[in-house]
Amino acid sequence: MTALVLRHDGPGTVTVPGPRRRLIGLVVALAALLVLLALSVMIGSTAIAPSVVWDALFHPSDDIDQFAIRDYRLPRTVVGLVVGAALGLSGALIQALTRNPLADPGILGVHAGASFAVTVAVGVLGVRDIGGYMWFAFAGALVVTITVLGLGSTRRGQSPVVLVLAGVCVGAVLGGAREALQLTDPDAFDALRSWNAGSVVGRPLDLVWPILPFFAVALVLAFAVSGPLNAMALGDELALAQGVRLVRTRVFAIVALTLLAGGATAIAGPIGFVGLMIPHVARWIVGPHQRWIFAYSVLLAPILLLASDILGRVVMHPSEIPVGVVTAFVGAPVLIVLVRRTKASGL
Amino acid sequence: MAAVLLNAALVLTACGSDGDKADQAGKTHGVEADNGTVEVPVDPQRVAVLGNAVLPYLDLGGEPIAVTDLDGGALADLPPDQRAAYDAATNVGVNGGEADYEKLATLKPDVIVIAAPESDYEKLDDKLTSIAPAVHLGFDSDWKFRATALAEATNEMDAFDEQKASYDDLVTEIRQEYGDTMRSAKITEAYRWDTEDAGKFSINGSLCAEVVRDEGIIDFAPAEFSVSFEQIGSLAESDLVLYPAGIDGEPSAAIAPVLETNAWKALPTVRSGHVQGIYCPWGRSFGFMAQYLEGLERALATLETQQ
C-alpha cells in the first residue's frame, strides 16, 4: 500500500507516507548507508587501489597499504557507524521526551558531564590516553544525567521543562568548573582542545566493543518506549488516559539516551548537530511515529557522520578535519532551515 | 717584597673590578628586539624571563629572579644546575601572556624579557614597560634574532658566543662530512606533538626539522601536520626516518603510538634499521640546536655506514 495517510498536525494538514513507503525509505536509507560504509573504507588521505582494499579485507597480508585499511579506515568506519547511530537515536529520544524540536542529548548535561570528567582525568589524575579518557567520559555522562534526573524530579513526577532546566543548570556549573580546571592546568587544556573537537580517528576497536552492550540495552529500551512516547506527544493527561506509565517511560527513555549519548561522547568526544537534526529529517520523512523516527535516525545519522568524516579526510588533504567540525559546518545551515520550517518538523 | 707587590696588585685588581661594575651601574645600551630598540641596563642583575624566554635564558646559564611555568616535559629535562636556578626564581604565572604582573613589579627587575605571541605582547606593553625595560621576542621573528636579543639584553654574551660557535662548527662539520649522503638520500621526520589528536601525527613538522631545513642542512619535504596514521606508509620511500626521542634516547611518549603500529613495523626503513630517535630540545637557542645537531650527526653517521 503506497497511499498517503492524512494526519492533523496543529493548524493545517500535512501528508505522511504510509507503512509501505516508510519501509521502502528505510531500505533506501540502508542502501545509502552501505554505500557510505564502502566509501569510508575506500577513500582516505592515501590513494589505495580498490583491489588492495578488497585484499586487505578478504586476503590479508603484511602489505603496508593493507594495514592502512585494516588498522585505520576500517576501525574509523565502524566507529562512525556506531557513534552515528547512537547519536541519532539519542537525539530522537530526547526530542520525543522533552517535546522540544531543538533539544539534543547535551541538554541533559551529557556533554558537560563527559567533558568535566575528562578534564578531571587529565588535569588531576594525569590520564593521557584515549582508552583512559573514554571510561571517565562515560561515567561522567552517566553520573551527571542521573543527577539531572534527580534534580528534575518533583513530587508530581518529572516535567520535561524542569528536567531541561536542571540539565542546563548542572551543565553551566560543570562548564565553569571545567574551564577553571583547564585555565590552571595547560596540559588539561591541550588534551581537551583536541577531544572537544569530536573525532572518530585513532579509536581502536578494542575500545569500542565494551561500549556496545550498553548500546544494545539502550536500543531495546528505546524501541520499548517508542509506543508510549507517541501517546505522550499528545500530552500527559491523554497518555495517562491511554494507560501509559509516564514515570517508567521517562526513566527508560532517559536511561537509553544517556547510555547512547554518553557512550558515543566517550568514544568520539562531543559531536554536535547529528543528534539535533537527524530526528527532524526522519520526522519529515515518516511523520510523528516514534518507532519509525527511531529506525530512520539509526540509519540516517551514521550516513551524515560518515559523509562528514569522508569530507574531512579529503577537503584539506593530506591533513584532516575532525568529523565534529565538519558536522558543525553541515549542521549550521540545516539548523537554520529547521528553525524556518518549524511547522514541518514540529513535535 | 714580592708579597707586598702581589698584595698591591690584588688590591688594584679588585679596585678595577669594582670600578668596572660601578662604571656599568646605571649605564644602558640599545637592544634590537621585536618591540624596537629597547634601552636596557648594560649589566642587569635582576632579570625576569617570561614565556618562551625562560628555557633559553636558563640554557645560557642565567639566574632569573622571575619565571613563568615550564611544560612538565621541559622541566623534567632540565640539567640540575638549571633546575636549581629555575626553582630559585619566583614563579609569576602560567606564561608570558597570563602572568601576575603586580607580583612581578614587587620583584623590581632590571629588565624583563618576554617571548610571547605578538598579539599577547601588544596588550602587555604598557604594563611591562611601567615595571622595567621590556624586551619582546615575538613568535614571528627568526629564532637566531631572538636568541641574540635575549643574550644582549641579559648580558650573557660569553655563554652565547660559546654556544653559537659550537653550533656553527657543527653545521660546517655536518655539511662537510655528510653533504653527499644528504644530497642522495631521502630523509624524513615522523613527529608527534604531545597534544596531537589520537591517530594523527606530523611529517617533518618539528621545530628542530624547521631549523635544520632553514639552515639548509637537510632538504626536508614541506611539513605536513595532523595527518592520519594511514600516512605512515608514505615513509616507506625514505632512506632514513628520524623520530623524536627523550633526553635518554628512548622514543618520546607522544611518538610511541606511531612506533607501535603494524604499518611502522612493516616499513623497509624500520626493518633495515634506518630509523633514528633524536632528542629535540624544548626551546630554541644555539645551545639547544647544537644538541639536536649532535643527534642528527649520529643519525647520519649510521646511514653512511649502512650505505
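Visitor: What joins strand 1 of chain B to strand 2 of chain B?

Guide: A hairpin does, and it passes through two residues. The model is predicted, so local features need pLDDT of at least 70 and side-chain atom pairs count only at pLDDT 80 or more, whereas totals for chains, interfaces and linings use all residues. Residues are numbered from 1 along each chain as its sequence is written, and chains are lettered from A and ligands numbered from 1 in the order in which they are written.

Visitor: What makes strand 1 and strand 2 of chain B a pair?

Guide: Strands are DSSP runs of E with at least two residues, helices are runs of H or I with at least four, and both are numbered from the N terminus. Two strands pair if DSSP finds at least two bridges between them. Strand 1 (residues 28-33) and strand 2 (residues 36-41) of chain B share six bridges in the antiparallel sense, so the criterion is met. Within this pair, His29(B) stands opposite Val40(B).

Visitor: Which strands are called edge strands in the open sheet of chain B, and why?

Guide: The sheet has five strands in the order 10-9-8-11-12, with mixed pairing. Strand 10 (224-228) and strand 12 (275-279) of chain B are its edges, as each pairs on one side only. Neighbouring strands are turned by 35 degrees against each other on average, direction ignored. Strand 9 (residues 200-203) of chain B runs antiparallel to strand 10 and is joined to it by three bridges; there Phe201(B) stands opposite Val227(B).

Visitor: Why is helix 12 of chain A called oblique to helix 13 of chain A?

Guide: Helix 12 (residues 274-286) and helix 13 (residues 290-314) of chain A pack at an angle of about 125 degrees, with their axes 8 Å apart. Axes are lines fitted to C-alpha atoms, for helices over the stretch in contact, and angles run from 0 to 180 degrees between N-to-C directions. Angles under 35 degrees count as roughly parallel, over 145 as roughly antiparallel, 65 to 115 as roughly perpendicular and the rest as oblique. The angle of this pair therefore makes the two helices oblique.

Visitor: Which residues does helix 12 of chain A bring to helix 13 of chain A, and how are they classed?

Guide: Among those of helix 12 are Val274(A), Ile278(A) and Arg283(A), which meet residues of helix 13 including Trp292(A), Tyr296(A) and Ser297(A). By class, this contact has 14 nonpolar, one polar and one charged residues. Here Ala, Val, Leu, Ile, Met, Phe, Trp, Tyr, Cys and Pro count as nonpolar, Asp, Glu, Lys and Arg as charged, and the others, Gly among them, as polar.

Visitor: What makes residues of chain A and chain B count as being in contact, and how many are there?

Guide: Two residues are in contact if their C-beta atoms, placed from the backbone, lie within 7 Å. By that criterion 26 residues of chain A are in contact with 23 residues of chain B. Helix 3 (64-98) and helix 7 (186-197) of chain A each supply at least two residues to the side of chain A that touches chain B. Helix 3 of chain A gives the most, with seven. This side has ten nonpolar, seven polar and nine charged residues.

Visitor: Is Val168(A), in helix 6 (residues 160-184) of chain A, buried, partly exposed or exposed, and why?

Guide: A residue is buried if 20 or more other C-beta atoms lie within 10 Å of its own, exposed if 12 or fewer, and partly exposed in between. Val168(A) has 16, so it is partly exposed. In chain B, buried residues make up 44% of the 307 residues.
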